[in-house]
Amino acid sequence: MITRNTLFSDGWTGPIFLGILAALAVIVPVLHLVVPETSFFHVSTTSVALFGKYLCFALVALSLDLIWGYCGILSLGHAAFFALGGYAMGMYLMRQIGARGAYANPNLPDFMVFLNWHDLPWYWYGFSSLPFALLMVVLVPGALAFVFGWFAFRSRVTGVYLSIITQMLTYALWLAFFRNDMGFGGNNGLTDFKDIAGFSVQAPGTRAVLFSLSAIALMLGYIIAKAIVGSKLGKILICIRDAESRTRFMGYRVEAYKTFIFTVSAMMAGVAGALYVPQVGIINPSEFQPANSIEMVIWVAAGGRATLVGAAFGGVLINYLKTIFTTGMLAPYWLFALGGIFILVTVFMPRGVLGTLSELKFKRAKDEELDPSLEAESPSQPAN
């Protein structure tokens, strides 16, 4: 269980972050469901879905920061775990359609009927149950990360080579899920969802609950990540990041620690994908694109590597800017803007937004400790 000292180890940043999320989990649904649509304070259905999507992206960024910022594992394949969690939820949602599909088949999704499938594939069994689907949301990405990490880290693959391998993993899954004979909808993916847990996916109340669940998931993700990095395990992870050979020489099984944290991070990404799918209404192979994983790295770099809160902030900020730049006349310039953001952050703020602010605050506090005369004078006592 996370302790109070761990929660406050980075000052008030963590508690403020959790407080904001808790407030959003309550206020946004109220403004959406209770406040009349004619009111200025009403939050539309589109905005609720959009903000919920941002929170899912923030959870992915936080999970990536957990392995990159604190263990030095730069994964360029985290989109794979996000998409696998999304597909697990999408399979459950497809099973809830039943006979209401275009072909009115109670057992097979429409795309299977269209492709002349006669029986439901064995790996679709159980997805009519929400508890089973939620188990698969964390188990499938976690199992893939565990197997991949077991072989990669035991082989002592590190640095750019590990990054390339993770990207190839995502690329391979992208190509595989495009195939119609895989049984996941091919290029079109899974869509036309109707119900979730017996409630209409399109209902305002369901939208509000999904938003709140996204905020709560991000809160829990932060608490888990903070508990890890604030413990002895977290100190060992930092040692691995800064001096892996020396940590191994001290007797620690580096590959076991890296496999564990990589698996936990993948599970968190899977949860984000599962919450993302019912809010956007579709999941297809495009979520596996290697470019998505690279964007996730930019989210973390922009917000602040090894800060957790900064990574989540970067996920929200960059995607908000993406929403602006991909609509209207600015649409053709998004990739230029994204590249510019990455260059500016790399050159002028290598520690990201939150990391730079924390560094400046620490430097100022240190200067004031060494020279009290540097403290700001009170407005009531102007300088002579």
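# Exercises on contacts in a predicted model

Glu-244 forms a salt bridge with Lys-258, and their closest N and O atoms are 3.3 Å apart. The model used in these exercises is predicted.

## Exercise 1: A salt bridge between two helices

Task: Determine which helices Glu-244 and Lys-258 lie in, and whether each residue is buried or exposed.

Solution.

1. Place the partners. Glu-244 lies in helix α10 (residues 244–249), while Lys-258 lies in helix α11 (residues 254–280), so the pair ties together parts that are 14 residues apart in sequence.
2. Classify Glu-244. Its relative accessible area is 18%; buried means under 20%, so Glu-244 is buried.
3. Classify Lys-258. With 5% relative accessibility, Lys-258 also counts as buried.
4. Look for shared partners. Salt bridges with partners in common join Glu-244, Arg-248 and Lys-258 into one network.

## Exercise 2: Salt bridges with partly exposed partners

Task: Find how many salt bridges the structure holds, then describe the Arg-179 and Asp-181 pair and the Asp-192 and Lys-194 pair.

Solution.

1. Take the total. The structure holds eight salt bridges.
2. Examine Arg-179 and Asp-181. Their side chains meet in a salt bridge at 2.8 Å, N to O.
3. Check accessibility for this pair. Arg-179 has 48% relative accessibility and counts as partly exposed. Asp-181, at 47%, counts as partly exposed.
4. Examine Asp-192 and Lys-194. The closest N and O atoms of this salt bridge are 3.3 Å apart.
5. Check accessibility again. Asp-192 is at 40% relative accessibility and Lys-194 is at 25%. Partly exposed covers values between 20% and 50%, so Asp-192 and Lys-194 each count as partly exposed.

## Exercise 3: Aromatic pairs

Task: State how many aromatic pairs a search of the whole structure finds, and work out the geometry of the pair Phe-57 and Trp-299.

Solution.

1. Take the total. The search of the whole structure finds 24 aromatic pairs.
2. Read the geometry. The rings of Phe-57 and Trp-299 are 5.2 Å apart centre to centre, with 50° between the planes, and this pair is tilted.
3. Place the residues. Phe-57 lies in helix α3 and Trp-299 in helix α12 (residues 290–303), so the pair ties together parts that are 242 residues apart in sequence.
4. Check burial. Phe-57 and Trp-299 are both buried.

Task: Do the analysis again for Tyr-87 and Phe-177.

Solution.

1. Read the geometry. The ring centres of Tyr-87 and Phe-177 are 4.7 Å apart and the planes stand at 55°, so the pair is tilted.
2. Place the residues. Tyr-87 lies in helix α4 (residues 78–95) and Phe-177 in helix α7, so the pair ties together parts that are 90 residues apart in sequence.
3. Check burial. Tyr-87 counts as buried at 2% relative accessibility, and Phe-177 is buried with a relative accessible area of 6%.
4. Widen the view. Tyr-87 and Phe-177 belong to one aromatic cluster, which also includes Trp-122, Tyr-123, Phe-184 and Phe-288.

## Exercise 4: The nonpolar core

Task: Identify the residues with the most contacts inside the largest nonpolar core, and list what Leu-190 touches.

Solution.

1. Take the core. The largest nonpolar core has 105 residues, and those with the most contacts inside it are Leu-190 and Phe-288.
2. Find the main contributor. Helix α3 (residues 45–71) supplies the largest share of this core, 15 residues.
3. Add the background. In soluble globular proteins, nonpolar side chains tend to be buried together.
4. List the contacts of Leu-190. Leaving aside residues up to four places away in sequence, Leu-190 touches Tyr-87, Gly-90, Met-91, Met-94, Phe-111, Trp-124, Phe-184, Gly-185, Gly-281, Ile-282 and Ile-283.

Task: Locate Thr-170, classify its accessibility and list its contacts.

Solution.

1. Thr-170 is found in helix α7.
2. At 0% relative accessibility, Thr-170 counts as buried.
3. Leaving aside residues up to four places away in sequence, Thr-170 touches Leu-76, Gly-77, Ala-80, Phe-288, Gln-289, Pro-290 and Ser-293.

## Exercise 5: Positive phi outside glycine

Task: Describe the backbone and the setting of Asn-116 and Arg-156.

Solution.

1. Read phi for Asn-116. The angle is positive, about 65°, although Asn-116 is not a glycine.
2. Place Asn-116. This residue is in the loop between α5 (110–114) and α6 (130–154), and Asn-116 is exposed, with a relative accessible area of 58%.
3. Read phi for Arg-156. The angle is positive, about 60°, and Arg-156 is not a glycine.
4. Place Arg-156. This residue lies in the loop between α6 and α7 (159–178), and Arg-156 counts as exposed at 55% relative accessibility.

Note on methods:
Residues are numbered from 1 along each chain as its sequence is written. This is a predicted model: local features need pLDDT of at least 70, side-chain atom pairs count only at pLDDT 80 or more; totals for chains, interfaces and linings use all residues. Side-chain values use heavy atoms; hydrogens and water are left out. Helices (H or I, at least four residues) and strands (E, at least two) are DSSP runs, numbered from the N terminus. Buried means under 20% relative accessible area, exposed over 50%, partly exposed in between (1.4 Å probe, protein chains only). A nonpolar core is a set of buried Ala, Val, Leu, Ile, Met, Phe, Trp, Tyr and Cys residues joined through side-chain atoms within 4.5 Å. Contact means heavy atoms within 4.5 Å. A salt bridge is a side-chain nitrogen of Lys or Arg within 4 Å of a carboxyl oxygen of Asp or Glu. Rings of Phe, Tyr and Trp (its six-membered ring) pair if their centres lie within 6.5 Å; planes under 30 degrees apart count as stacked, over 60 as edge-to-face and the rest as tilted.
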